[in-house]
Structures are given as structure tokens and as C-alpha cells.
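Let's take a walk through this fold, starting with one helix and working out from there. Keep the model open beside you as you read.

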Amino acid sequence: MRNTFICMACMFVCACASTPVPKEIVAPPPPAPPRVIEKDTDLAEAMRQAIRRHLVLPPGNFSAATEATLDLVVFADGAVLDVQIHTSSGDERLDRAIIRAVRLAQPMPVLKDAAAPGKSQKYRLVFRPIVSTTK
């Protein structure tokens, strides 16, 4: 019994001696400022592009006609307070992927004369995950 206690004590001492000293904790950098847009018409397209950059399409055959209508509540700093599907794309997996992409796209672009800090704006956005290359 005595040898076991000594071994356990030695193991404990050795483990303590080899434990690395914790590094200083560094705070993450502040979020990037939102992209500021001049006109309403440009804002909708800027939001679509931001969402598309983060969209991972689920398996399936989606066409350029596939669309979902989103209801967004966005703070003046571009943070998304809420996102809901107003009109479904017809594919629940795609709808979830779009909502996930909206959350990842934060901060969303905002208008130059957006609401005061702490206030939010509501937007309804028609979103097509696949952009047609033909006009």
C-alpha cells in the first residue's frame, strides 16, 4: 500500500511539473462594420449577394426559378435580429439553408440613412439561390 501511495504521489508531481503554463487569453477582434449602401434598390441586391456567399445548397435539382421570400429584421449595425421564411421555396432543406446563410452573412449591408443605433428595420426580400446567367 505504501508503494502505491508513493507512486501515485510521484505521478502527480510529474504531471504537475509538465503542465504548460496557460497563455494569455486574447479577446476576439470586433465584428467588421456593415457595408453601407446608398439606395434601396442596391440594398436588396447587396443582401442577396451576402446571403449567396454563405449558402450551401442541399442536394436537389433547383432551377433559376426557385425562390423564397424572407422577412428580415436588421439592426442599424447590420446584425440580424430575426429571419423568417414568408414564402417557402418548396423545399424545407433549402429554406433552412437560406436561414443559416442569412445568420452567417452578418453583418448585413445597411442603408446610409439607416435607423438610429439600437433601432431595427424590417425588410421583405425575394431570394433566388441560383442566379440565371442568361438575360
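## Helices, hairpin and core

H2 has 15 residues, so at 1.5 Å a residue it should span 21 Å, and its end C-alpha atoms sit 22 Å apart, which agrees. Bear in mind that this is a predicted model.

H3 passes the length check too: its 13 residues reach 19 Å from the first C-alpha to the last, close to the 18 Å expected at 1.5 Å a residue. Here are the two helices side by side.

| Helix | Residues | Expected span | C-alpha span, end to end |
|---|---|---|---|
| H2 | 15 | 21 Å | 22 Å |
| H3 | 13 | 18 Å | 19 Å |

Zooming out for a moment, the chain has three helices and five strands, and along the sequence they come in the pattern α-β-α-β-β-α-β-β. Of the 135 residues in the chain, 28% are buried. Among contacts with a separation of 6 or more, 75% are between residues 24 or more positions apart.

Back to the helices. Which residues of H3 are buried? Leu 94, Asp 95, Ala 97, Ile 98, Ala 101 and Val 102 make the list. They cover an arc of only 160° around the axis, which puts them on the same side of H3. There's a general reason to look for that sort of spacing: an α-helix has 3.6 residues a turn, so residues three or four places apart point the same way. On the other side of H3 you'll find Glu 92, Arg 100 and Leu 104, which are exposed. As for partners, the buried residues of H3 pack against H2, E2, E3 and E5. At the start of H3, a side-chain oxygen of Asp 91 comes to within 2.8 Å of the backbone nitrogen of Arg 93.

H2 has its own buried set: Leu 43, Ala 46, Met 47, Arg 48, Ala 50 and Ile 51. The cover over these residues includes strands E1 (36-37) and E4 (110-111), along with E2, H3 and E5.

Now for the hairpin. E2 and E3 run antiparallel and are joined by six bridges; Val 73, for instance, stands opposite Asp 82 in E3. Four residues lie between the two strands, and Gly 78 in the turn has a positive phi of about 90°.

Much of this comes together in the largest nonpolar core, which holds 24 residues; the members touching the most others are Met 47, Ile 51, Leu 70, Leu 72, Ile 98, Val 102 and Met 108. At least two core residues come from each of H2 (40-54), E2 (68-75), E3 (80-87), H3 (92-104) and E5 (120-127). In general, nonpolar side chains tend to be buried together in soluble globular proteins. Val 102 is a handy one to click on: leaving out residues up to four places away in sequence, Val 102 touches Ile 51, Leu 70, Leu 72, Val 80, Val 83 and Met 108.

Last stop: the loop between H2 and E2, home to Thr 66 and Ala 65. Is Thr 66 buried or exposed? At 13% relative accessibility, under the 20% cut-off, Thr 66 counts as buried. Neighbours within four places aside, Thr 66 is in contact with Ser 89, Leu 94, Phe 127, Arg 128 and Pro 129. Ala 65, by contrast, is exposed, with a relative accessible area of 63%. Ala 65 and Ser 89 are 24 residues apart in sequence, with 9.7 Å between their C-alpha atoms.

Conventions
Residues numbered from 1 in each chain as written. Predicted model: local features only at pLDDT ≥ 70, side-chain atom pairs only at ≥ 80, totals over all residues. Heavy atoms only, no water. Core = buried A, V, L, I, M, F, W, Y, C linked by side-chain atoms within 4.5 Å. Buried < 20%, exposed > 50% of the residue type's maximum accessible area, 1.4 Å probe, protein only. Contact = heavy atoms within 4.5 Å. Pairing = 2+ DSSP bridges. Expected span 1.5 Å × (residues − 1). Arc of directions from axis to C-beta. Polar contact = N/O pair within 3.5 Å; in protein donor to acceptor, adjacent residues only side chain to side chain.
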